[in-house]
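Here's a chain to get to know through a handful of questions. Have a look at it first, then we'll go through how each label is earned.

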Amino acid sequence: MSNIDQQPPEVVEAVRKFRGQFRTTGIALIILGALAVVFPLVFSIAAKVLLGWVFLLTGGALLYHAFQAKRWESAIWSGLIAVLHLALGVYMAFFALNGLVGLTFLVGVVFVLQGGVEGMIAMQHRHKTGWGWLALNGAVTLILGFVLIAGLPGTALWAIGLLLGINFLTTGVAFVALAGSVSEK
């Protein structure tokens, strides 16, 4: 019995119904993931610029709100937050290489913290089967965080794009596999 057969019938039917979309999306993600792995700097910059545009859009919306709610006692503070979003958005969207080091450092710090917490979780479950996998995951995440931080500024040129690429690849493979796990009716 396959794993998909153990799912509730609604899930299997939904996957079956959208099988083509799962496969197409999976293939697109695999292609994008492979490109991101091959060209990590391009994808690192693209992700940072896209995030910059998100901050520009939220800054614009917040600034609009601040002007519309100018009689609100906190409108000036709302406007200040808008200006901060706009400034960060301009910096991230229009100065492509600047900020990659900080972004990579932040990812490294998150991985160090995540790895430490995962290690603590593993220790709490050390008397249970499979706890070693938790410990291994925590250790790998912790080491990856330290590698990202210790390798700065060099790691900033590839880290974000490579991580995105690996994520896109694994998600794409999962989607294609899921589509292939159901039979057509």
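Q: Where does Pro 153 lie?

A: Pro 153 sits in the loop between helix H6 (131–150) and helix H7 (159–180). Bear in mind that this is a predicted model. The bond that joins Leu 152 and Pro 153 is a cis peptide bond, with omega at about 5°.

Q: How many helices and how many strands does the protein chain have?

A: The protein chain has seven helices and zero strands. Read from the N terminus, its elements go α-α-α-α-α-α-α.

Q: How do you know how the protein chain compares with a compact globule of 185 residues?

A: You set two radii of gyration side by side: such a globule would come out near 16 Å, while the protein chain has 22 Å. Along the principal axes, the C-alpha atoms fill a box of roughly 65 × 45 × 35 Å. As for burial, 25% of the 185 residues count as buried.

Q: Why is Val 15 called buried or exposed?

A: Buried means under 20% relative accessible area, and Val 15 has 5%, so it's buried. You'll find Val 15 in helix H1 (residues 9–17). Not counting residues up to four places away in sequence, Val 15 touches Phe 22, Leu 178 and Val 182. Ser 183 is 168 residues away from Val 15 along the chain, yet their C-alpha atoms are separated by 9.8 Å.

Q: Which residues form a salt bridge, and what makes it one?

A: Glu 13 and Arg 16 do, with their closest N and O atoms 3.3 Å apart. The rule asks for a side-chain nitrogen of Lys or Arg within 4 Å of a carboxyl oxygen of Asp or Glu, so this pair qualifies. In general, side chains of opposite charge can pair when their charged atoms come close. By this rule the count comes to one salt bridge. Both Glu 13 and Arg 16 are in helix H1, three residues apart, which is about one turn of the helix.

Q: What makes Glu 13 buried, partly exposed or exposed?

A: Partly exposed covers the range between under 20% and over 50%. Glu 13 has 40% relative accessibility, so it counts as partly exposed. Its partner Arg 16 has a relative accessible area of 18%, which is under 20%, so Arg 16 is buried.

Q: How do you know whether Ser 78 is buried or exposed?

A: Ser 78 is at 10% relative accessibility, so against the 20% cut-off it counts as buried. The place of Ser 78 is helix H4 (residues 75–94). Leaving aside neighbours within four places in sequence, Ser 78 is in contact with Leu 62, His 65, Ala 66 and Trp 72.

Q: Why is Gln 114 called buried, partly exposed or exposed?

A: Its relative accessible area is 33%, which falls between the 20% and 50% cut-offs, so Gln 114 is partly exposed. Gln 114 belongs to helix H5 (residues 100–124). From Gln 114 to Ala 150 is 36 residues along the chain, and their C-alpha atoms are separated by 17 Å.

Q: What about the surface and the charges of the protein chain?

A: The accessible surface comes to about 11800 Å², and 75% of that belongs to carbon and sulfur atoms. There are 10 positive and 6 negative side chains, and the centres of the two sets lie 7 Å apart.

Terms used
Residues are numbered from 1 along each chain as its sequence is written. This is a predicted model: local features need pLDDT of at least 70, side-chain atom pairs count only at pLDDT 80 or more; totals for chains, interfaces and linings use all residues. Side-chain values use heavy atoms; hydrogens and water are left out. Helices (H or I, at least four residues) and strands (E, at least two) are DSSP runs, numbered from the N terminus. The radius of gyration is taken over C-alpha atoms; the globule rule is 2.2 Å times the number of residues to the power 0.38. Buried means under 20% relative accessible area, exposed over 50%, partly exposed in between (1.4 Å probe, protein chains only). Accessible areas come from the Shrake-Rupley method with a 1.4 Å probe; for residues, only the protein chains shown count as cover. Lys and Arg count as positive and Asp and Glu as negative; His and the chain ends are not counted. The place of a charge is taken as NZ of Lys, CZ of Arg, CG of Asp or CD of Glu. Contact means heavy atoms within 4.5 Å.
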